[in-house]
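Student: Hi! Could you walk me through this model while I have it open?
Tutor: Happy to, let's bring it up.
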Amino acid sequence: MNIFNKEPRKIRCIRNDKEVLGGGLFADRLTVGKLYTFEYADIGGFSTMVVLKEFPGMHFNSVLFEEVECPDFEPKEGD
């Protein structure tokens, strides 16, 4: 995901495992494939943490997400 884009937007979860160094603490609360609302990012020297509207106060590693080209489209199960 583009960590330098500071605009609130939809991003998609692409993984939710706790194997992510420095960002796996809450990863299992995410659903792979689901869209979340990006609020802001804390860019660090080693990793970047993302804050989501859906989980106030929780920080997630940016590698758990990807940009969404069509934010109004959310795939259904089986797609």
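Student: First up, what percentage of the residues in the protein is buried?
Tutor: Buried residues account for 34% of the 79 residues. Here buried means under 20% relative accessible area, exposed means over 50%, and partly exposed is in between, with a 1.4 Å probe and protein chains only.

Student: Where do these values come from, and how are residues numbered?
Tutor: This is a predicted model, where local features need pLDDT of at least 70 and side-chain atom pairs count only at pLDDT 80 or more, while totals for chains, interfaces and linings use all residues. Residues are numbered from 1 along each chain as its sequence is written, and side-chain values use heavy atoms, with hydrogens and water left out.

Student: Thanks. How many helices and strands are there?
Tutor: Zero helices and five strands, so the order from the N terminus is β-β-β-β-β. Both kinds of element are DSSP runs numbered from the N terminus: helices are H or I with at least four residues, strands are E with at least two.

Student: And what do the strands form?
Tutor: An open sheet, in the order E4-E3-E2-E1-E5, with antiparallel pairing. Two strands pair if DSSP finds at least two bridges between them.

Student: Which strands are at the edges?
Tutor: Strand E4 (59-61) and strand E5 (65-67), each of which pairs on one side only. From one strand to the next, the twist averages 55°; the axes are lines fitted to C-alpha atoms (for helices, over the stretch in contact), and angles run from 0 to 180 degrees between N-to-C directions.

Student: How many bridges join E1 to E5?
Tutor: Three, and strand E1 (residues 9-13) runs antiparallel to E5. Among the residues involved, Arg12 has Glu66 in E5 as its bridge partner.

Student: Do tell me about charges too. How many salt bridges turn up?
Tutor: Three in the whole structure. A salt bridge is a side-chain nitrogen of Lys or Arg within 4 Å of a carboxyl oxygen of Asp or Glu. Side chains of opposite charge can pair when their charged atoms come close.

Student: What does Arg12 form with Glu66, besides the strand pairing?
Tutor: A salt bridge, with the closest N and O atoms 3.4 Å apart. Arg12 lies in strand E1 and Glu66 in strand E5, so this pair ties together parts 54 residues apart in sequence. Arg12 is buried at 15% relative accessibility, whereas Glu66 is partly exposed at 31%.

Student: Which side chain does Glu67 meet?
Tutor: Arg9, in a salt bridge of 2.9 Å from N to O. That pair links distant parts of the chain, with Glu67 in strand E5 and Arg9 in strand E1, 58 residues apart. Glu67 is partly exposed with a relative accessible area of 31%, and Arg9 is buried at 13%.

Student: And what is Arg15 paired with?
Tutor: Asp17, with the closest N and O atoms 2.8 Å apart. Arg15 is partly exposed at 32% relative accessible area, and Asp17 is partly exposed at 24%.

Student: Switching topic: is Asn61 buried or exposed?
Tutor: Buried, at 5% relative accessibility. Asn61 sits in strand E4.

Student: What does the side chain of Asn61 reach?
Tutor: The backbone nitrogen of Val63, at 3.0 Å.

Conventions: Polar contact = N/O pair within 3.5 Å; in protein donor to acceptor, adjacent residues only side chain to side chain.
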